[in-house]
Amino acid sequence: GLARAYLCGGGLLVLDEPASQLPHDEALEALSAVMDAAPGRGVLLVTHRRDEVALTGREIKLGGI
């Protein structure tokens, strides 16, 4: 799914829990690779994992219901 999202092109890459089924280390490695391979594109990463949030340049927190 990550490769398909990256290859589709466009200005914004939306990743909603893209690595949730991967082990911790593999998830960080895969997300880092995708973020590095998308220069000039916006990336919206939706995640609950704090270490994945650390890969981003900006964090927006949404309140609970």
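This is a short conversation about reading a predicted model, one feature at a time.

Student: Let's start with the helices. How many residues does α2 have, and how far does α2 reach from its first C-alpha to its last?

Tutor: Helix α2 covers residues 24-36, which makes 13 residues. From first C-alpha to last it reaches 18 Å, close to the 18 Å expected at 1.5 Å a residue.

Student: Which residues of α2 are buried?

Tutor: Here's the general idea to begin with. An α-helix has 3.6 residues a turn, so residues three or four places apart point the same way. Now the case here: A27, L31 and V34 are the buried ones in α2. Looking down the axis of α2, you'd find its buried residues within an arc of 60°, so they line one face of the helix.

Student: And what does the face of α2 turned away from the buried side carry?

Tutor: That face has the exposed residues D25, E29 and D36.

Student: Let's move to the backbone. What is odd about the phi of E17?

Tutor: As a general rule, most residues other than glycine have a negative phi. E17 is not a glycine, yet its phi is positive, at about 50°. You'll find E17 in the loop between β1 and α2. Its relative accessibility is 24%, so E17 counts as partly exposed.

Student: Now the surface. Which residues make the nonpolar patch?

Tutor: Look for L12, V14, L44 and V46, which together make a nonpolar surface patch of about 340 Å². Two strands are involved: β1 (12-16) and β2 (42-46) each supply at least two residues of the patch. Take V46 as an example. It lies in strand β2, and V46 counts as partly exposed because its relative accessibility is 37%. A patch residue needs over 30% relative accessible area, so a partly exposed residue can belong to one.

Student: How do I spot a salt bridge, and how many are there?

Tutor: Look for a side-chain nitrogen of Lys or Arg within 4 Å of a carboxyl oxygen of Asp or Glu. By that rule the count comes to two salt bridges. One joins R49 to E52, with the closest N and O atoms 3.0 Å apart. In the other, the side chains of R50 and E59 meet at 2.9 Å, N to O.

Student: Are E52, R50 and E59 buried or exposed?

Tutor: It varies. E52 has 2% relative accessibility, so E52 counts as buried. R50, at 54%, counts as exposed, while E59, at 37%, counts as partly exposed.

Student: What about the loops? Where is G11, and what is G11 in contact with?

Tutor: G11 sits in the loop between α1 (2-7) and β1. With a relative accessible area of 56%, G11 is exposed. Leave aside the neighbours within four places in sequence, and G11 is in contact with R41 and G42.

Student: One last thing. How far apart in space are G11 and A54?

Tutor: From C-alpha to C-alpha, G11 and A54 are 22 Å apart in space, with their positions 43 residues apart in sequence. A54 is found in the segment after α3 (50-53), and at 63% relative accessibility A54 counts as exposed. You can try the same reading with G9: the C-alpha atoms of A54 and G9 are separated by 24 Å, and the two are 45 residues apart along the chain.

Note on methods. Residues are numbered from 1 along each chain as its sequence is written. This is a predicted model: local features need pLDDT of at least 70, side-chain atom pairs count only at pLDDT 80 or more; totals for chains, interfaces and linings use all residues. Side-chain values use heavy atoms; hydrogens and water are left out. Patches are made of residues with over 30% relative accessible area and no salt bridge: like charges are joined within 9 Å, nonpolar side chains (Val, Leu, Ile, Met, Phe, Trp, Tyr) within 5 Å. Accessible areas come from the Shrake-Rupley method with a 1.4 Å probe; for residues, only the protein chains shown count as cover. Helices (H or I, at least four residues) and strands (E, at least two) are DSSP runs, numbered from the N terminus. Buried means under 20% relative accessible area, exposed over 50%, partly exposed in between (1.4 Å probe, protein chains only). The expected span of a helix is 1.5 Å times one less than its number of residues. The arc is that of the directions from the helix axis to the C-beta atoms. Contact means heavy atoms within 4.5 Å.
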